[in-house]
Each structure stands twice: as structure tokens, then as C-alpha cells.
Amino acid sequence: MLVIACLKQVPDTTQVQIDPVTNTLVRDGIPFIVNPYDTHALEETLRLKDSHGLKSVALSMGPPNAEATLRKALALGVDRSILLSDRAFGGADTLSTSNVLAAAIRKLGESEEVGLVFCGKQTIDGDTAQVGPGIAVRLGYSQLTLVDRIEKLDLDAKTVTVRRKLEGRYEIVEARLPAMITVVRELNRPRYPTVPMRLASAKAEVESWSNEQLQLDVNSVGLKGSPTWVSRIFSPERQEGEIIGDGLNDPIAAARLLLDRLVQGDMLSV
Amino acid sequence: MEHIFFSVLLSLSMAAFAFSCYRRLVLVAIGKHEYRFDQPLARFKEMLVYALGQKRVMSRPFGLNHVVIFWAFLVLAVANLEFLVSGILPGLSFALLPEPLHDALAFLFDICSLAVLIAVAVAAVRRSINPPFPGARTCEAYFILSMIALLMLAFFGMNGALIASGVRTASPFTPVSGIFASLLSSCLAADQLNLAVSVFWWIHAVVLLGFMNYLPYSKHMHILTAIPNVFLRTMGKSNTQPREEFSEGNIFGAATVDQLTWKDLLDSFSCTECGRCHDSCPAAATGKALNPREVLHAIKENLLQNGTVLEKLAGDAQAERAVSLIGEGKKGATPESALWSCTSCGACMEACPVFIEHLPKIVKMRRHLVQMEAKFPDELLNLFENMEQRSNPWGMAPSERSKWSSQLELRPFVAGETEYLLFLGCSGAFDARNKQVSVALTRVLDAAGVSYGVLGREEKCCGESVRRLGNEYLFDLMARESVAQFREKGVTKVITQCPHCYNTLKNDFRQFGLELEVLHHSELIAGFLASGELQLEGKMEELGNLVLHDSCYLGRHNDVYQPPRSVVQAVTGTAAGEMERNLDKAFCCGAGGGRMWLEEHEGTPINRARVAEALALKPDTICVSCPFCMTMFEDGVKEVPGAGVQVKDLAELVAQALPKTSK
Ligand SMILES: Cc1cc2nc3c(=O)[nH]c(=O)nc-3n(C[C@H](O)[C@H](O)[C@@H](O)COP(=O)(O)OP(=O)(O)OC[C@H]3O[C@@H](n4cnc5c(N)ncnc54)[C@H](O)[C@@H]3O)c2cc1C
Ligand code: SF4
Ligand code: SF4
């Protein structure tokens, strides 16, 4: 039985800047990282591999340089790493992204039964949290979002019981397999690759699938299959307030100034 | 008849002794290859100073006592040689030498034997009243002391009986034997005296041969290994660890004795169990599981237990059968928590009279944990990821690196246009308090008219913490990147304000083929003050009573002790206040060895201990010269209500003392 982790390679958003003129992301020289939530999705597939003997697969749709992310997954111990890369997939929104991922999972299912698909709760660049649910719907899988604990996996009864972390409460849910699970960071502590595994992964093969393998209608993938377009990105301008003092060169005076203002404005009394 | 019997006994014991030594050597040879024979002349000189001269031994209480025993033993080795030779060939002895020479030797032997007897008694009393470390009152230790004492008493008994029985004439050159002679003649009859000669002779012979054969199985193995161990020491400072080769199939770090080097193993046989490393260790002093002496002892025990098995097996079978050097509550193993407690301060190595190198062994075991098992304290996962992805410990965006200087007009480093690279380091660029030090330092450099440039947001973390934490793979990646960058930019001279960057740029990067001229700001500033290129205004009264803290990576690891002191002298007009543990004996702030990024769960905080030591001198200012020390002291001082102390970096003192016009 397969357990699949969907990994997205994202620009390190702490380092992304927005070009004030073109209103697009300046991606030049920005390092890419694995979407942080996805590292927990990956860790969970590896744990299930260790505990239940499932076969683990890492899946990512992205440009050829997303291979680095998949190689890292190999270094951590997944059995297969597959990159879904095709010019036709470019410019995808959540709809066409989930189309491609779902097609790849369906194809994997042809040769071996899929038990679980793990996705991150959301990405740090697109932030929509829609891809996981999109996959579940397209494949007709049970959909378990915001999971912070796998309570039980029963391979004979083909059920999984999880705890969902919701606002102010938890929910314990049991669902049929196959299931799609989106994970929050509390789920686990990702492992760190050992050096022998890192070295072995440098040589291991990252498989690459294009639309030739998936045979999707070109109008359902990439830009063409995307009803949503991003028309403008911008950083909100500071509307009010002012910068006071010189905290770098004279922090003591700056602190004093700040205190004075707070006292003057009577902002410290309860 | 007797001498034939003795000849057989001597041959047997010599053979047994040689065999024991051979067994020990075979065990040492299990270790990995390491070259330690470069600079033979310098090595020989160091051996004379430290092994024969006992320079380090003497520097601590009761060291003199050891010096007496050591030197007397060397002299008595000559006497014992004569004893053994004349045991086989009775005619052949010093009696054949011209009288004055013979008398001189006899006198020397008499006095040395007395000296040893007294020193052994002092050692026994000291061990009972004030043992070198808790648990030092072992049967073994007392047994050895009694053997030595017995040997000396037998020597006097034998000579005394010879004089008393008239075989040898009484002489003023053997005063102690003379006293024994009168004692013996007063309580023994004449015919009993001849018997006494043989009895003492045989006691002396048996104890001597027994002692020799016991050596290889006891801590007194150091009598044989200490001198070679000093000869084979790391020349210079042990301030870096060896590189590893990252190719498939290799083993990284050390979890079994055969993964250490032969010198690591020889170190373990050379430990004298004097406990000085333990006394100097900040982790041990504050209740952590770490005890550097025990780390060495565990390696030795592990080698003795495992070695014989290992030496017969080869390859994979070897790794499987070997018992791990790392583990909780097992004989021959060091607990993980102990390994993680080390601050890499180097105090243990500085204290060790026989130049045992503890730190490389600790780092090798950390390397195993990190690289082979991915097992380390939780906090390190983020640190490693941050370092790998963003090249700084906090995971700050690299673009933020130059923010601290956004209001200063700093020049970028350009070879040919700027002389020095000012390497700020992560703390100097990201840490709020240490950014102030960076600002102060640029003011001082400007005032002195130094031509320098910065790398700005292109600067990368030097990787120092990562290396000491045992993530050599990551350090290797980071170091190669930095070295390539320095080469490409043509950097040759660097100024650092962080002793950790200093050590890495200067010593670690050398292993990557980059020789840089690295100066810590204290060295540069001290130089400018001495040459008059930097002028200060008046004396800084407001600093009040100032106490100086030595950074381990500046002092102990790189011998930079004086520059911070002369800078303080120039700024305040008086010598810096010194803590009891200063210079090469300085007590760590607790942040080295990557401990900066770890919680201190066990025992009491190291920085608290050091701050208390400083506060005992009632200072108004504590002066540091390291950003990690700055953080540890600032945190420590905050915990003491009403301490009323300011913590300042050396550069800040100087910036404050600049003439107003250049501020
Ligand atoms: C600034 C910005 C704004 C955007 N706004 C929109 C928008 O409003 N509407 C819209 O439809 N699209 C938008 N997009 C495009 C969209 O974000 C992505 O291109 C889409 O493919 C994935 O959506 P997400 O990143 O929000 O993923 P999420 O749905 O947040 O991702 C959840 C999980 O799905 C998995 N996953 C997501 N993408 C992949 C992948 N490529 N490969 C493997 N697994 C993956 C991961 O496990 C991930 O944790 C935007 C992109 C950017 C950069
Ligand atoms: S380096 Fe310092 S902390 Fe580490 S064992 Fe030696 S004395 Fe202790
Ligand atoms: S390692 Fe060195 S300092 Fe420590 S007990 Fe042994 S001989 Fe003494």
C-alpha cells in the first residue's frame, strides 16, 4: 500500500520582495525551500513506512529545479520521488494544480493501492489551503483536514482515525481509506537526514513525469486550466503613525522618547 | 645459584612486560591513521619542556610533589638498572667505578630514595584529605603508592644491612642507609644481618619486577606513555577538528574505538587520572553529566573490553560487534547528555599535564550522533535548517543582514580598494545588543583611518557552531562556500569582532586551503593605540571599576590574552580587574561549542556562575570581547537584581573614549 506526500517547493517568503513597479514577486536569487507544512506531511509518510511497512512516495508539481526538494525527500528515506514537470503545467492555480496531482496519484494507484495522501495545511506563498481538498474531491477520497495526530491506522478494516485541530477544540474523526489528510505543524517533529542517506540520495533517481505520462487535456492544466489569475500583488503601505528616534545609534534616547510618548498619550494606565 | 634463579625470573618478567606492552600497542593500533610526526625538532623541544621539565605538572597544587617523584624516579632508574645487572652478574656493579664517582652516585640514590619516600607519603595524605577528584581514593592508587614506598624501604633495608653486616663500609655519602644500618644492627644479631641482606634484596627485586608488570594494567601506564604522548601532541593549539571525507561508504564521526584515531586511543592510555581537566571544566562545575576525565577513561575501558574482539575482525563485522562509546550508564561509554554539555572551552586541554585532547573526541562522538543517527537535542533541528537555508542561526532573511548599517555609509569590500574585510558575523549583524558593538567598532575603525569594507548581505555565517556541534557535513558545505567567496573577492586580511568567527576564519578555513590574516578587533585596536594611530580622550571615569572576562576562543584557543588588557589600560588608565580564574584558566561564559543555541536543562547555568565570580569583585563595568559572552553576561547580570553593572564590549569602551570630534 502506498502513502504519498505532496510537497511544494516555495520561495523562502521571508526573503521575497515585491517589485513596487511591476507589482510582481522578485524571485531573483531567492532560495527555494520545502513548504514548511509539507515537511510534516513527509515526516508522517516516513513514520508510517517505518511503523506499518507502507511504501512511501513524494510527489511535487513544479519547474525542473523542484528536483532539489524531491532529492531531499529521498535523503530522508522515501522510496520514490516523482517530479511532475511540463511547460503545460506552468501558471497553475489551485484547480489545475489539484488536477495534475490527482492524475498522478490515480496513475500511481494503477499499479499499487493508495492508502493515504498527505498534504500540508497550506503553503506559505499561495496560502489557499485548497490543493489538498481539491485532490480529495477529484479522487473521491475521504478528506481529513488540519490533522495534528494520527490516532489509529487499521489496515485490515481500511480505516484511519485522526485528531483535527480546530479553533478552540479538537475533533476525533474516523474515515475510510483511501484518505487525504492535510497536516498542521504539531503533528510531528521532522527528522534530519543522516549523512549516508544524503550521499546516497545524490545518486538516487528522481523520476520525472510530464503530461505525456499523465495524458491530461491541456485545457485542464497550467495557465489554460486556471480560472484564477493574480492581477496584482502589493505590500500594504503604512497609512498612519511615524518613526521616532534613532534606535540604532542611540537606543537609550529612543526608548526614553517612546516612554515619554506613551506616558503623554496616557497609554500605559490600565 | 641465587643469581641463576634471578636471571630466569628477570627474563620471565621482562618477557611478560614486553608482551603486555605489545598487547597495549596492538590495541592502540586499532585506531584510524593520523600523522603526528611533522616538526620532529619542535616536538622534541616541547617534550623536554613539558614532559621532562614537567612545566604543566608544576603549575597546580601538589605538582611539585609529582616533579620530585618523577625526577627521583629517573635518577633511580639508573640505580635499578645496576641492581638488575648485578643480580645476574654479581661482579658487575657501580663498585667498579672510581671512588669519587661511586660516592656521588651513592649519595644521589640515597637522597632521591628519601625524597620519593617523603613525596609518596605526602601524596597518600593529600589523596586521603583532599583527593584530586571525588572517587580518587581507589585501592589502585593506594596500592601503587605502597609499592613505591616499599621499593624505597627495601632499598634502604638492603643497603643498611650491607653496611651493618660489614660488607660495605659506612660512608657519609649514604646518610639514610646509614641510619637504617644502625637500626638493623641494634635489633638483629650478626648472622641474621646476612639473611636480612638477602631478604631485602629479594623484596626489592620482587617489588621492582612486580611494579613493572603491573604498570600496563594500571593508571600508571602513563609512566610509559606520557612522554611519547607529549611528543605526539597537536603542535600549536587544538582549536580545530579534522575534516571528514564525504564519500559514500565512509563512516562519519566516532561511535566505536576503531573509529577514533590511534592518537585518541594513546591519549586514553596516557591519562594520569590527576583530575585537573575535571576541576577546570565549566560543565562539570555546574552539575552537568560531563566529566572530561571520565570521557577519556570510558574510551580506555571500551578499548580494553572491545579491543581484542575488534582487532580480530575486519570491516562490517567490526562495526557490528563493537560496543558503542556513547550510552547511558554503561561501562566504557559516555552519555549523550554529557557530550552535548561541552562548551568546547578547551580548559580541560589547557590543564592536562600530558596534553590529552578531549575536545576532538567529544566532537567526533557528536559527529556520529548528528551525522549517522540524526540524533541531537530538539533545539538544533531549527538551527541546522536555518544555517543550511539562510546561513544564520536565527533563520533571519539574508537580505536583513545589512540592515544594522542602513544608516551608516559602509563601503563594500573591494580588493585593491579596501585593505581589510570587516567580517561582522551573525551576532554583529542580527543581534540587537551586538549590533551596537558593530556600530561602535566602525566608529573606532574610522577614527583610526582603517581602510575596510564589508560584504553586506552577501556575508555568510562562518559555521563555527555547526562544526563544534558535530554537523561536519553542513560545516563542510558552508566553509567551502565561504572560502570560494573569499577567494573570488580576493580577501586576504580580515577584522572580526567575534572570537568564534576569528577562530574559524583563521584556523578552520586553513584546512580548506585558505590562509587569511585574521585580526580580532582587540588586536587591531591595541596595535593602533600602541603606534599612536588612534588617540583617546582622557580617562573614562564613568566606567568605574572594570573587570575583564577572557573569551575562550580568543585566549585559550588562540593565545590572545594581552591585547584586550592593553586596550582597557589605555581607555581607563588602570589595569583591568582580574577574576580569580583568568587568562588560560578563565571560566567559560557557557555559550561555546554550540551551547549558545541550546537550553541548559541540567545543573545550574554556567553564565550565572561566571557572572557571580565577576560580581564578587564589585565591578561597575564588565568588559567582554565576544558577542556570545556579551549575550551570556547580559542575561546573567539581568538575573541579579540591583547588580548595577553594565556589560560592554571592548570596542564600545574605545568608541566612548574617542575624542568628541571623531565621534
Ligand atoms: C502570491 C500568490 C497568490 C496566489 N493566489 C491564488 C489565488 O487566489 N487563487 C488560486 O487559485 N491560485 C493562486 N495562486 C497560485 C497558487 O497558489 C498555486 O499556484 C497553486 O498551485 C497551489 O496553491 P497553494 O500554493 O495555495 O497551495 P495550498 O492549497 O495552500 O497547498 C496545500 C498543500 O497542497 C500541496 N501542494 C500544493 N501545491 C503543490 C504542488 N505544486 N505540488 C505538490 N503539492 C502541492 C502541498 O502539500 C501543500 O501544502 C497564487 C500564487 C501566488 C504565488
Ligand atoms: S572543552 Fe570545556 S566544557 Fe568541554 S570538556 Fe573540556 S573543559 Fe569541559
Ligand atoms: S585527561 Fe589529563 S587532566 Fe584529565 S585526568 Fe587525565 S591526565 Fe589529568
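**Exercise 1. A proline in a loop of chain A, and a phenylalanine in chain B**

Pro178(A) sits in the loop that runs between β11 (169-176) and β12 (179-183) of chain A. The structure is a predicted model. Determine which residue a cis peptide bond joins to Pro178(A), and state in which loop of chain B Phe62(B) is found.

*Solution.* Begin with the backbone of chain A, where the bond between Leu177(A) and Pro178(A) is cis, with omega at about -5 degrees. Turn next to chain B, where Phe62(B) belongs to the loop between α3 and α4 (63-88). Phi of Phe62(B) is near 70 degrees, which is a positive value in a residue other than glycine. As a background for both cases, most peptide bonds are trans, and most residues other than glycine have a negative phi.

**Exercise 2. The contact between chain A and chain B**

Describe how chain A meets chain B, stating how many residues of each chain are in contact and which element gives the largest share of the side of chain A.

*Solution.* The first step is to set out the extent of the interface: 21 residues of chain A are in contact with 29 residues of chain B, and the two chains bury about 2,300 Å² between them, with 54% of it on carbon and sulfur atoms. On the side of chain A, the residues that lose the most area to chain B are Arg189(A), Tyr192(A) and Leu248(A), which together account for 31% of what that side buries.

The second step is to count the polar interactions, which come to five salt bridges between the chains and seven residue pairs in polar contact, both residues being at pLDDT 80 or more. The largest share of the side of chain A that touches chain B, six residues, is given by helix α5 (residues 195-203) of chain A. By class, that side has 10 nonpolar, five polar and six charged residues.

The third step is to look at individual pairs. Arg198(A) and Glu388(B) form a salt bridge through their side chains, at 2.9 Å from N to O. Another salt bridge is that of Glu385(B) with Lys72(A), at 3.3 Å from N to O. Glu385(B) lies in helix α18 (residues 379-390) of chain B, whereas Lys72(A) lies in helix α2 (residues 67-76) of chain A, so this pair joins two chains.

**Exercise 3. Two domains of chain B**

Give the domain division of chain B, and then work out what the surface between domain 1 and domain 2 consists of on the side of domain 1.

*Solution.* Chain B is divided into domain 1 (2-227), domain 2 (257-373) and domain 3 (382-656). The centres of domain 1 and domain 2 of chain B, taken over C-alpha atoms, are separated by 32 Å. Between these two domains, 28 residues of domain 1 are in contact with 36 residues of domain 2, and about 2,800 Å² is buried, 60% of it on carbon and sulfur atoms.

Moving to the specific interactions, one finds two salt bridges between domain 1 and domain 2 of chain B, and 12 residue pairs in polar contact, both residues at pLDDT 80 or more. The elements of chain B that give two or more residues to the side of domain 1 touching domain 2 are α1 (2-28), α3 (55-58) and α9 (222-231), and the largest share, five residues, comes from α1(B). The residues of that side divide into 13 nonpolar, seven polar and eight charged.

**Exercise 4. The surroundings of the three ligands**

For ligand 1, identify the closest residues; for ligands 2 and 3, establish how the surrounding residues divide by class.

*Solution.* Ligand 1 is surrounded by 27 residues, of which Lys8(A), Asp38(A), Thr97(A), Thr123(A) and Thr128(A) are the closest. At the atomic level, a polar side-chain atom of Asp38(A) lies 2.5 Å from an oxygen atom of the ligand. The backbone takes part as well, with an N or O atom of Met61(A) at 2.9 Å from a nitrogen atom of ligand 1 and an N or O atom of Gly120(A) at 3.0 Å from an oxygen atom of ligand 1.

Ligand 2 has residues of chain B around it, among them Cys281(B), Cys342(B), Cys345(B) and Cys348(B), and its shell contains nine nonpolar, three polar and no charged residues. Around ligand 3 there are 13 residues, with Cys271(B), Cys274(B), Gly275(B), Cys277(B) and Cys352(B) coming nearest; the shell of ligand 3 divides into seven nonpolar, three polar and three charged residues.

Terms used: Residues numbered from 1 in each chain as written. Chains lettered and ligands numbered in written order. Heavy atoms only, no water. Near = heavy atom within 4 Å. Nonpolar A, V, L, I, M, F, W, Y, C, P; charged D, E, K, R; others polar. Domains from an automatic or database assignment. Contact = heavy atoms within 4.5 Å. Buried area = accessible area lost by both parts, 1.4 Å probe. Salt bridge = Lys/Arg side-chain N within 4 Å of Asp/Glu carboxyl O. Polar contact = N/O pair within 3.5 Å; in protein donor to acceptor, adjacent residues only side chain to side chain. Helix = DSSP H or I, 4+ residues; strand = E, 2+ residues; numbered from the N terminus.
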